[in-house]
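Morning, everyone. I have one structure to walk through today, so let's put it on the screen.

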Amino acid sequence: MTIRNVRDHGQRFRPRMACLKKVESVMLEMQDPKTGVKSQPQRLVITTIPHAITGEDIVAWLTNCYSIEAEEAWALGTMLVAFGYIYPLQDHKRLVIKPDASLYRFQTPYFWPAQQWPVEDTDYAIYLAKRNIRKKGTLELYEQVQYNSLHKWMNHKWDFIVMQAKEQYRAGKERKKPDRVVFDCQERAYWVVHRPPPGTVSAMDYGLERMVDPNTEEMIFTQQSIMRPRVKSSVSIGALVKYSVTYNKHDPFLAPCLPSNPWVTDDVTYWLLNMANVEIPTKMRVERWTFSFGELLSDPRGRDDFRLFLKKEFSGENLAFWEACEDLKWGTAATMNDKAQQVYKTFLTRGAPRWINIDGKTMEVTVKGLKHPHRYVLDAAQTHIFMLMKKDSFGRYLKSPVFKDTQKRAICPDQHMFSVSQLEANARKRRPSISPIIVRQLEQEERARMATSGPVDITQVMSKLSNKGKEVPPSKK
């Protein structure tokens with residue numbers, strides 16, 4: 001680090017330390033036995049926690065002590081929690097103040113940010129190893145990821161880390177249970193602040209990358225709302241490679257189009273063999289059905305084959321309901337209400353002729369939405385049935401005699417070979433299509449020509465002229 005960077009870092013750190021000293025003075029006032037926030041033992045599950053305070057008491061004390069609005073007191077209390085001066089006893093991941101009966105405790109001064117203890121990965125590894133021993137290997141997902149990463153990185157001294165964790169765990173078991181629970185909460189709150197889980201913004205992050213004030217509660221919720229799950233580049237590349245290998249033979253840019261490419265050879269055999277409801281599909285088409293359940297449903301011929309299998313298993317109503325939902329989703333708006341009511345009467349109501357089996361919560365949401373139907377009112381029920389068919393019926397279909405028979409009868413067309421002279425002859429036969437604008441103009445000219453060349457009925461003309469002469473202008477009435 002250069003001298004200039006050290007000076008810039010010191011200029012940023014000095015006001016931060018001044019702010020932390022002010023926060024610590026507030027904390028001392030809040031913990032005053034006479035004028036501070038009233039604390040009392042609170043029961044948490046089966047353990048009594050000493051000196052616990054509630055979120056509403058914290059907000060009320062800040063409001064009365066500093067004569068501020070409740071919203072300002074709430075934001076100030078959230079800042080105290082975000083910096084680790086107060087920690088929650090129940091919802092550890094949400095570093096905010098809830099102005100209700102949620103339980104909190106004051107953090108011990110040993111863990112206050114002004115102590116400037118270096119947050120080292122070795123200490124975090126010892127903490128995770130201790131939690132892993134206490135939880136018997138059932139850490140939270142983000143903790144398990146950090147644990148594996150630290151284990152891989154600190155493999156050379158992992159025995160020392162595990163030994164320290166076991167010693168701390170053994171010393172903790174000798175404490176009384178309330179004290180043990182309090183210490184565990186204090187330590188966990190410290191690491192949530194300094195090693196926040198995904199989606200939780202740490203108030204300890206400073207620097208030029210931080211474009212907003214980290215002390216505001218609005219910033220915390222804003223950044224949490226725009227957080228998106230991130231995927232490792234290795235996982236993305238692996239999925240892309242797997243997809244490319246799977247669909248390699250089915251890409252007309254990478255593999256030949258059998259029997260021939262109709263856009264090049266003018267031979268329409270490929271289109272005839274791959275019509276929507278052809279009787280015997282091609283082997284390449286049947287192979288795509290095995291890639292995923294979505295591929296099977298996207299092919300009309302595949303749905304027919306799957307429908308035959310479900311009919312033999314007496315569960316054809318599932319596919320019929322899925323197709324009815326697709327028809328409602330992509331149909332016209334004029335028929336939307338009628339289709340929704342028809343789906344309800346056929347599949348959802350009690351005693352329906354093709355009743356489907358969905359859970360009670362999904363049924364309740366769907367029936368409630370049908371009171372004001374729209375295109376996506378059946379999405380919850382459709383997704384439930386889709387997953388049911390995907391996890392249960394699709395696997396058995398691929399092993400069924402129905403699919404094996406279709407796979408056996410599928411054809412593999414031979415590649416058509418065309419000479420250069422044949423391709424040139426086909427090219428000469430092509431005629432460019434006429435523009436629709438020109439076609440419309442020709443139709444209008446033809447109608448005008450027919451109108452002028454056709455016979456004229458003189459009696460109709462005279463009757464129109466006589467009726468026009470009988471009409472009296474409004475001014476002469």
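**Salt bridges, backbone and surface**

I'll start with the charged pairs. The structure holds 18 salt bridges. Keep in mind that this is a predicted model.

Take R288 and E295. Their side chains meet in a salt bridge, at 3.2 Å from N to O. Are these two residues buried or exposed? R288 has 26% relative accessibility, so R288 counts as partly exposed. E295 counts as buried, because its relative accessibility is 16% and the cut-off for buried is under 20%.

Next pair: E323 and R303. Here the side chains form a salt bridge at 3.0 Å, again N to O. The pair links distant parts of the chain: E323 sits in helix α15, R303 sits in helix α14, and they are 20 residues apart. E323 has a relative accessible area of 23%, so E323 is partly exposed.

This pair has company. Which residues make up the network of salt bridges? R303, D304, R307 and E323 are linked in it.

Now stay on α15 for a moment. K329 forms a salt bridge with D379, and the closest N and O atoms are 3.4 Å apart. Which parts does the pair tie together? K329 lies in helix α15 and D379 in helix α18, residues 379–398, so the bridge connects parts that are 50 residues apart in sequence. K329 is buried, with a relative accessible area of 14%. D379 counts as partly exposed, at 27% relative accessibility.

On to the backbone. First, the general expectation. Most residues other than glycine have a negative phi, and most peptide bonds are trans. Three places in this chain are worth a look against that.

Place one is S67. S67 is not a glycine, yet its phi is positive, about 50 degrees. Where is S67? In the loop between α2 (55–66) and α3 (70–82). Its relative accessibility is 66%, so S67 counts as exposed.

Place two is F314. Phi of F314 is near 60 degrees, also a positive value in a residue other than glycine. F314 is found in the loop between α14 (300–312) and α15 (316–330). That loop joins the two helices we met with R303 and E323. F314 counts as exposed, because its relative accessibility is 75% and the cut-off for exposed is over 50%.

Place three is a peptide bond. L258 and P259 are joined by a cis peptide bond, with omega about 0 degrees. P259 is in the loop between α9 (233–246) and α10.

And α10 takes us to the surface. Which residues form the nonpolar patch there? W263, V264, V268, W271, L272 and M275 do, and together they have about 660 Å² of accessible area. Two helices, α10 (262–265) and α11 (269–273), each supply at least two residues of that patch. L272, for one, lies in helix α11.

Last, the whole chain. There are 22 helices and four strands. The chain has 477 residues, and 34% of them count as buried. The accessible surface comes to about 31400 Å², with 57% of that belonging to carbon and sulfur atoms.

One more number, on contacts. Consider contacts with a separation of 6 or more. Residues 24 or more positions apart account for 62% of them.

That's my tour. Over to you.

Note on methods: Residues numbered from 1 in each chain as written. Predicted model: local features only at pLDDT ≥ 70, side-chain atom pairs only at ≥ 80, totals over all residues. Heavy atoms only, no water. Buried < 20%, exposed > 50% of the residue type's maximum accessible area, 1.4 Å probe, protein only. Contact = heavy atoms within 4.5 Å. Areas by Shrake-Rupley, 256 points an atom, 1.4 Å probe, with all protein chains shown as cover. Patch = residues over 30% accessible without salt bridge, like charges linked within 9 Å, V, L, I, M, F, W, Y side chains within 5 Å. Salt bridge = Lys/Arg side-chain N within 4 Å of Asp/Glu carboxyl O.
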